[in-house]
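Colleague: I'm new to this one and would like to slow down on a single part of it. Could you pick a stretch in the middle and walk me through what surrounds it?

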Amino acid sequence: MKTNKYFNKMVLYNRLSPEELKERIESEDFQRKTVSFYRYVIIDNPQEFRDELYITLDELQCYGRIYVANEGINAQMNIPEHNIELFKNYLDSVEYLHNMPLKWAIEEKEHSFLKLIIKVRPKIVADGLNDTVFDVTDVGTHLTPLEFHELSLRDDIFIVDMRNNYESEVGHFKNAIKPDAETFREEIKMVVDELEFAKDKKILLYCTGGVRCEKASAWLKHHGFSDVNQLHGGVIAYAAEVKSQNLESQFIGKNFVFDNRLGERVTDDILSNCHQCGNPSDRHTNCALDSCHDLVIQCEKCADEYAGCCSSQCYDNFTE
């Protein structure tokens with residue numbers, strides 16, 4: 001990849017205020033499609049790659065959150081419908097992104113992203129693992145959504161949710177093991193301990209889009225698990241496939257997503273309760289108080305009563 005001599009003359013980050021961002025997207029006269037993708041691939045110069053990526057995606061009016069590291073790329077974004085083919089052609093023109101599998105959202109009720117953020121990070125997923133002590137390329141068997149669906153119906157397998165507890169709280173596969181972890185860093189090690197007795201059993205891993213299962217499956221194989229499998233494309237791909245095939249989804253509830261929508265409904269099941277009143281709800285929101293912003297489940301009634309704040313204390317501070 002060649003260095004662009006014009007980089008220092010360009011602004012490669014967002015400079016608009018939240019109000020300007022909202023006004024900009026609401027004034028658009030076209031639709032957007034939300035997509036996610038990832039790839040573990042050695043990127044020689046992540047910063048240079050990041051800058052070139054930003055220039056092109058900005059020109060295509062793409063918004064989203066993308067992490068770039070020496071180990072690869074992890075992206076969630078939305079694209080104007082009229083630029084989708086240009087976007088795909090661009091991906092295919094880049095060595096690191098050629099033939100990239102894309103996972104398209106199944107719901108577009110709200111704007112997923114309002115701006116483009118691309119960050120260079122040590123890893124594309126914070127897993128807390130030392131990659132030098134195990135073979136990160138020795139991953140589990142990739143299962144298509146239909147293969148995963150058929151296997152999930154068996155009673156001699158272990159389905160493991162590799163997402164955080166606030167994700168599995170609102171939606172999960174039936175009979176899945178759901179470790180009570182707040183971060184992937186905690187969970188990846190917790191799973192090894194909790195499934196020590198099942199090292200010779202068939203393990204099915206799943207996560208939102210598939211990226212977390214890449215490292216998790218390699219970590220399990222490193223610890224002696226003999227039959228590790230993972231849902232290729234994650235819940236996003238599974239939900240789209242079972243819908244297109246008119247199958248009864250084994251994933252029930254809502255699939256939490258890391259954008260402004262905070263979830264895509266897969267089935268009508270409400271599995272969780274409002275953290276304030278206890279009534280059934282799977283409506284995630286961030287506390288409206290700037291000094292808090294905790295992620296909670298809050299029903300619409302409590303959202304109105306507390307002005308979007310997660311507690312009486314935050315509400316009192318918010319209304320002062």
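What follows is a close look at one strand and its surroundings, with a few other spots afterwards.

Colleague: Let's take strand 9: which residues point each way from it, and which strands pair with it? I'd also like to hear about what lies around it.

Modeller: Happy to. Keep in mind that this is a predicted model, and let's begin with the strand itself. Strand 9 covers residues 202-206, and 5 of its 5 residues are buried, so the rest of the structure largely encloses it. Look along the strand and you'll see Lys 202, Leu 204 and Tyr 206 pointing one way, with Ile 203 and Leu 205 pointing the other way. Both sets are buried.

Now for the pairing partners. Strand 7, residues 157-161, runs parallel to strand 9, and 5 bridges join the two. Strand 10, residues 227-231, is also parallel to strand 9, and here the bridges number 4. Leu 204 is a handy residue to put your finger on. Ile 159 stands opposite Leu 204, while in strand 10 the bridge partner of Leu 204 is Asn 229. If you're wondering what holds such neighbours together, strands of a sheet pair through backbone hydrogen bonds.

How does the chain get from strand 9 to strand 10? Helix 7, residues 211-222, belongs with these two strands in a right-handed β-α-β unit. While you're in helix 7, stop at Ala 218. Ala 218 has a relative accessible area of 2%, so it is buried. Leaving out neighbours within four places in sequence, Ala 218 is in contact with Phe 134, Asp 135, Val 136, Asp 138 and Val 139. Take Val 139 as an example: it is 79 residues from Ala 218 in sequence, yet the two C-alpha atoms are 4.4 Å apart in space.

Next, turn to helix 4, because strand 9 is part of what covers its buried residues. The buried residues in this helix are Pro 145, Phe 148, His 149, Leu 151 and Ser 152. Their cover includes strand 6 (141-143), strand 7, strand 8, strand 9, strand 10 and helix 8.

Helix 8 deserves a longer stop. The axes of helix 4 (residues 145-152) and helix 8 (residues 234-244) come within 9 Å and cross at roughly 85 degrees. The two helices are therefore roughly perpendicular to each other. Pro 145, Leu 146 and His 149 make the contact from the helix 4 side, and Ala 237, Tyr 238, Glu 241 and Val 242 make it from the helix 8 side. By type, the residues of this contact divide into 5 nonpolar, 1 polar and 1 charged.

Helix 8 also takes us to another sheet. This one is open, with 3 strands in the order 8-11-12 and antiparallel pairing. Its edge strands are strand 8 (171-173) and strand 12 (264-265), each of which pairs on one side only. Between strand 8 and strand 11 (residues 251-255) there are 3 bridges, in the antiparallel sense. One spot to find there is Phe 173, which stands opposite Phe 251 in strand 11. Helix 8 packs on this sheet, touching strand 8 and strand 11, and its direction makes about 120 degrees with that of strand 11.

Follow the chain on from strand 8 and you reach the loop that leads to helix 6 (184-194), where Asn 175 lies. At 75% relative accessibility, Asn 175 counts as exposed. Its backbone is worth a look too: Asn 175 has a positive phi of about 65 degrees although it is not a glycine. Most residues other than glycine have a negative phi. Asn 99 is another non-glycine residue with a positive phi, of about 55 degrees. You'll find Asn 99 in the loop between helix 3 (84-93) and strand 4 (103-104), and with 54% relative accessibility it counts as exposed.

To finish, try a loop residue that is buried. Gln 298 sits in the loop between strand 14 (295-297) and helix 9 (300-305), and its relative accessibility of 1% makes it count as buried. Not counting residues up to four places away in sequence, Gln 298 touches several others, including Cys 274, Arg 283, Tyr 306 and Cys 309.

Terms used
Residues are numbered from 1 along each chain as its sequence is written. This is a predicted model: local features need pLDDT of at least 70, side-chain atom pairs count only at pLDDT 80 or more; totals for chains, interfaces and linings use all residues. Side-chain values use heavy atoms; hydrogens and water are left out. Axes are lines fitted to C-alpha atoms, for helices over the stretch in contact, and angles run from 0 to 180 degrees between N-to-C directions. Angles under 35 degrees count as roughly parallel, over 145 as roughly antiparallel, 65 to 115 as roughly perpendicular and the rest as oblique. Contact means heavy atoms within 4.5 Å. Ala, Val, Leu, Ile, Met, Phe, Trp, Tyr, Cys and Pro count as nonpolar, Asp, Glu, Lys and Arg as charged, and the others, Gly among them, as polar. Buried means under 20% relative accessible area, exposed over 50%, partly exposed in between (1.4 Å probe, protein chains only). Two strands pair if DSSP finds at least two bridges between them. A crossover is right-handed if, with the strands pointing away from the viewer, the path from the first strand over the helix to the second runs clockwise.
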